[in-house]
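Here are some exercises to work through with the model open beside you. Try each task before you read its solution.

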Amino acid sequence: MSKRRGLPTALILLTAVTLVSAALVRDGEGQALQGEYKVGVLEPLTGALAFEGKRHLEGMEIMRDMINERGGVMGKKLVFAVGDAVDPTAAASEANRLITREGVKIITGTFSSRLCGAASETAARHNVIYWETSCVDPRFNKRGLKNVFRTEIDATGFGWYNIEFIAKHLAPRFSLKPNELKIAFLSEDSSYGQGVTEAARDRARRDFGMQEVALEYYNFQTINDFTPIIAKLKQLNPDVVHHIAYSNDAPLFWRQSREQNFIFKALVHAGATGYGGADFGKATGADGNGPFALLEPGPGFRVEALRPEGQKIEREFRDAVQKKTGSYPLGGHQLAAGGLWVLKLVLDQAKTDELEKFRSAVMALDLPVGSVINGWGIKFSETGQNANERVQHYMLQWQNGQLVTVWPEEFSTLRAKWIPLGAWDQRK
Amino acid sequence: MGAVPQLVISTVLLGGIYALIAVGLTLIFGIMRVVNFAHGEFLMLGMYLAFWAFALWGLDPYVVLVGAVPIFFGVGLVTYALVMRGVVKASHNVQIFTTVGLSTALQNAALVVWTGDFRVVRPWHSGVVIRLGEAAFNLSQVVAFAVAVLFTAALVAFMKWTRAGRIMRATAQDVEAATLMGIDTDRVYRLAWAIGLVCVGIAGVLMSPLYSVYPTAGLQFVLLAYVVVVLGGLGDMMGALLGSLIVAAVEVIGSYLVGSAWKEVIYFVLFIAVLVFRPAGLFGQRGSETLGA
């Protein structure tokens, strides 16, 4: 009798132990998911910004699959309702559609600073959470909206990091003091370019007394020739060109600078487009050596410099991107996926998408630098902005067709080259 | 003063690129009285033709140029038969909606088929820099300029001294009289559309070594082409060439003197002024803007 009753009990215990062990081994992987949880994803999938919007969506999809392998969100399978935000008007109308037709309570996206403002206003009118992963417009979190959150650094942070790098890493290697540096600011004129440039100008002048020799804005969609700007800059002879660009204008400026033999000591950019995008390398080939771009980490990144939990998720994410795209994660992948992962952490903590409780969970999250993908930490301010100092960023440099991590040096196995930049034919 | 030679050369070469695009647009407008809002997308198709020929078979864009003429002539005949024939005699509103629709369809088809990635054509001549004293310029730009001048001259000659050209001009001047004279106006429109597309297709191929190739690449240039066409005189090909040089001069000198952010303000003020005070364009005959309307 006891033997008969003992066998099922042992089997039940064995099954329970196996299930618990499996759960402990892989952070919830393999859990049966109870239904679906739908999030709205808004990216520019057609039009001028589609090249980057599609990359962001790909990053989101890779991370969504990783999240579902790890127990989904709030125990449910994460699914997307996707909207195409081709321009600000479409961003607002698509946000409206996702909310009213698809019934989403959270929208995430949208890559561009041109789009995030309009889309998040719509979300605010419906009291829906807007989870921004990429746009850097400083105004995004300064409108008093309680429903908006941003995981990525804002443009102020981009400008802060760029000037930090120029003053503390480049200036000593030029044998110049920061206040002796002549800097020219060149930028496309969207809120992204203006946001980064104005923040950088402010810090360059206020904290380091750098000499601003030029400020030039242009429309990236209509610029066809940089030679007049280059002719002007050549006469001003800047040490550093601070250039915020998109993917069509960055290669054009670089190629025409070479043609015009415009020599400067360094060019510094910020963001996953322009000099920070893979397209720059394709466009310039071996002639593209030298420019710096502030980004998420690239090759040369010391993953072991992260905290153990950060190392684990970073490695798994890289493997997943490699498997799906055959390449190292690109900036768009990293921003979108990094942001979505943080959203999972918040939802799992909040266990609801009800705004007040969700917001409390966001504010309670406190992870040091190195804890999540891209080596980021998490600490949101009351405005819904992840603290710039927690969103660790890295300076990458184009070296022989590859964008590699060179700064901060404690996070990198590789080092910056061509400081200062020599003649155009000597950057090999 | 040291920058003057560079600014002059940049103006001339950039003007050549704009002329290449604008000549086809002004031809279509001059004969058919249709403002082709899909012009930029045909430019983009020319750039992709050069890109794929280079990427798949290593063909230099100048070799592709030879094939681009019959290809775009064929594209012109097909799109005319499928799209334009039905609207060429319709109101301007219908024509505008149709060509805007064609533009969006082509742009998004390119996006779906070729993705939004930026592509690059890098033949040997794209890296060749010619230095002339203080000024420097790219060999591919010089070739684009030379072809623009040759093409414009050839088109002017075709319109002036061939029977087909005379028939096209007659149709442009008075479509009803031309019909009464036994001219097959549908054939004329088809020919004008196809030649216009050949012009812009060739422009796309020639520009491919200079600019990135992507689905919305045409938008970068086509707005300027409209300004050029208005300045030069609607339907006037030599005017388009001169208008291109004016727009390029405004852009280059304006960027140098007052900053790039102002260049669009400057040439669109010029654009509006011409429309208000001299609607036939700076070089067009008075009243030509209403011909055939």
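In S13(A), A:Met395 is the bridge partner of A:Leu294. That pair is our way in to the first exercise.

Some ground rules: this is a predicted model, in which local features need pLDDT of at least 70, side-chain atom pairs count only at pLDDT 80 or more, and totals for chains, interfaces and linings use all residues. Residues are numbered from 1 along each chain as its sequence is written, chains are lettered from A and ligands numbered from 1 in the order in which they are written, and side-chain values use heavy atoms, with hydrogens and water left out.

**Exercise 1.** Find how strand S10 and strand S13 of chain A are joined, and place them in their sheet.

*Solution.* Step one: S10 (residues 292-295) and S13 (residues 394-399) of chain A run antiparallel and are joined by four bridges. Strands (E, at least two residues) and helices (H or I, at least four) are DSSP runs numbered from the N terminus, and two strands pair if DSSP finds at least two bridges between them.
Step two: the open sheet has seven strands in the order S7-S6-S8-S9-S10-S13-S14 (chain A), with mixed pairing. Its edge strands are S7 (211-218) and S14 (402-407) of chain A, each pairing on one side only. From one strand to the next, the twist averages 25°.
Step three: helix H7 (residues 227-236) of chain A packs on this sheet, touching S6 (182-188) and S7 of chain A, and its direction makes about 175° with that of S7(A). Contact means heavy atoms within 4.5 Å; axes are lines fitted to C-alpha atoms, for helices over the stretch in contact, and angles run from 0 to 180 degrees between N-to-C directions.

**Exercise 2.** Describe the open sheet of five strands in chain A.

*Solution.* Start with the order, S2-S1-S3-S4-S5 (chain A), where the pairing is parallel. Strands S2 (77-84) and S5 (148-150) of chain A are at the edges with a single partner strand each, so one side of each has no neighbour in the sheet.
Next, look at S1 (residues 36-43) of chain A, which runs parallel to S2(A) and is joined to it by eight bridges. One bridge pairs A:Glu43 with A:Asp84 in S2(A).
Finally, add the helix H3 (residues 88-100) of chain A: it lies across S1, S2 and S3 (106-109) of chain A, at about 145° to S2(A).

**Exercise 3.** In chain B, is H2(B) roughly parallel or oblique to H4(B)?

*Solution.* First, the axes of H2(B) and helix H4 (residues 92-114) of chain B come within 9 Å and cross at roughly 25°. H2(B) is therefore roughly parallel to H4(B) (under 35 degrees is roughly parallel, over 145 roughly antiparallel, 65 to 115 roughly perpendicular and the rest oblique).
Then compare helix H3 (residues 61-84) of chain B: its axis and that of H2 (residues 39-57) of chain B come within 11 Å and cross at roughly 140°. H2(B) and H3(B) are therefore oblique to each other.
Last, H2(B) meets H3(B) through residues including B:Phe42, B:Leu49 and B:Ala53 on the H2(B) side, and B:Val64, B:Ile71 and B:Phe72 on the H3(B) side.

**Exercise 4.** Which residues of strand S2 of chain B are buried?

*Solution.* On one side of S2 (residues 135-138) of chain B, B:Ala135 and B:Phe137 are buried, and on the other B:Ala136 and B:Asn138 are (buried means under 20% relative accessible area, exposed over 50%, partly exposed in between, with a 1.4 Å probe and protein chains only).
S2(B) also pairs with S1 (residues 129-132) of chain B in the antiparallel sense, over four bridges. These strands form a hairpin with two residues between them, and B:Gly133 in the turn has a positive phi of about 60°.
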